[in-house]
Amino acid sequence: MTIISPSILSADFANLERDIKLIENAGADWVHIDVMDGHFVPNITIGVPVVKSIRKITNLPLDVHLMIENPEKYVEPFAKAGADILTFHIEATDTPEILINKIKSFGCKVGVSIKPKTPPETILNILQYVDMVLVMTVEPGFGGQSFMNDCANKIPYIKDNSPETLIIQVDGGINSKTGQICKNLGATSLVAGSYIYNSKNIADAIKTLKE
Ligand code: DX5
Ligand code: ZN
């Protein structure tokens, strides 16, 4: 069964608890939290205090996508705030093995993400050490962008070079059609923000992505 991780970037931040309960009651598996620092990507979003507050209002695993420089520096604060999965960008670190071990030492699952222009070969030597690979299918920074087909074509290579237990997640422009394309290629987790939050029936949207 595909793991559905709705991105709260498309939620109403003035009603965040309501909008998280909404996806929780609609069958979401995880909560995808997009952390942006205005340096690694040209946008600023959520930080540690907000993750800490979210932890208090949901039991769903918190899937934290770090689009930040110096991810090493923020592992401990985000782990202590209640993150369950910490995904860093390979483009943001020179020492991925050290970072992976650090994330594990705080009891979190580890994800590694690649931007659209980053070839999957870049992460070949760490695939055996991570729990998840996040393939970006838009340039990270904003919700509501169009899915880039070429990026999804990295999925089979990742699948072929990974342990069977590796979760392959895609993020960016996911809807019923593009979600199906990714699943056919081997994705096992879908992130979706605008598709889920803009749909009239959130439960139906999540169910469609899951099936
Ligand atoms: C983009 C973020 C995504 C974003 C997806 O940088 O990583 O998680 O919220 O939004 P949609 O699903 O609208 O493309
Ligand atoms: Zn994301």
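**A walk from the zinc site outwards**

Let's start at the metal: the zinc ion (ligand 2) sits in an octahedral site, with angles of 70 to 168 degrees among its six donor atoms. Octahedral here means six donors with opposite ones over 155 degrees apart and all others between 65 and 115. For orientation, ideal angles for six octahedral donors are 90 or 180 degrees. Keep in mind that this is a predicted model, where local features need pLDDT of at least 70 and side-chain atom pairs count only at pLDDT 80 or more, while totals for chains, interfaces and linings use all residues. Residues are numbered from 1 along each chain as its sequence is written, chains are lettered from A and ligands numbered from 1 in the order in which they are written, and side-chain values use heavy atoms, with hydrogens and water left out.

Which protein atoms hold the zinc ion (ligand 2)? They are H32 (NE2), D34 (OD), H65 (ND1) and D171 (OD), at 2.0 to 2.3 Å from the ion. A donor is an N, O or S atom within 2.8 Å of the metal (3.2 Å for Na, K and Ca); water is not among the atoms, so sites may look incomplete. Read along the chain, the donors follow the spacing H-x1-D-x30-H-x105-D. Two of them tie distant parts of the chain together: D34 belongs to strand β2 (residues 31-36) and H65 to strand β3 (residues 62-67), 31 residues apart. Strands (E, at least two residues) and helices (H or I, at least four) are DSSP runs, numbered from the N terminus.

Are D34 and H65 buried or exposed? D34 counts as buried because its relative accessibility is 5%, and H65 is buried too, at 0%. The cut-offs are under 20% relative accessible area for buried, over 50% for exposed, and partly exposed in between (1.4 Å probe, protein chains only).

D34 also turns up beside ligand 1. Among the 20 residues around that ligand, D34, G141, D171, G193 and S194 come nearest; to be counted as near, a residue needs a heavy atom within 4 Å. A backbone N or O atom of G141 lies 2.8 Å from an oxygen atom of ligand 1, and a backbone N or O atom of G144 also lies 2.8 Å from an oxygen atom of the ligand. S194 brings a polar side-chain atom to 2.5 Å from an oxygen atom of ligand 1. On its own the ligand has 380 Å² of accessible area, and the protein covers 100% of it. Such areas come from the Shrake-Rupley method with a 1.4 Å probe; for residues, only the protein chains shown count as cover.

Now for some loops. N70 is in the loop between β3 and α3 (71-81), and its phi is near 50 degrees, a positive value in a residue other than glycine. N70 is partly exposed, because its relative accessibility is 47%. T118, in the loop between β5 (109-114) and β6 (132-136), is buried at 11%. Its side chain joins that of E91 in a polar contact of 2.6 Å. A polar contact is a pair of N or O atoms within 3.5 Å; within protein, one must be able to donate a hydrogen and the other to accept it, and residues adjacent in sequence count only if both atoms are side-chain atoms.

What about the cysteines? The structure holds zero disulfides, a disulfide being a pair of cysteine sulfur atoms within 2.5 Å. For C182, the nearest cysteine sulfur is that of C151, 9.5 Å away. C182 is buried, with a relative accessible area of 0%.

Terms used: Tetrahedral: all angles 85-135°; square planar, octahedral: opposite > 155°, others 65-115°.
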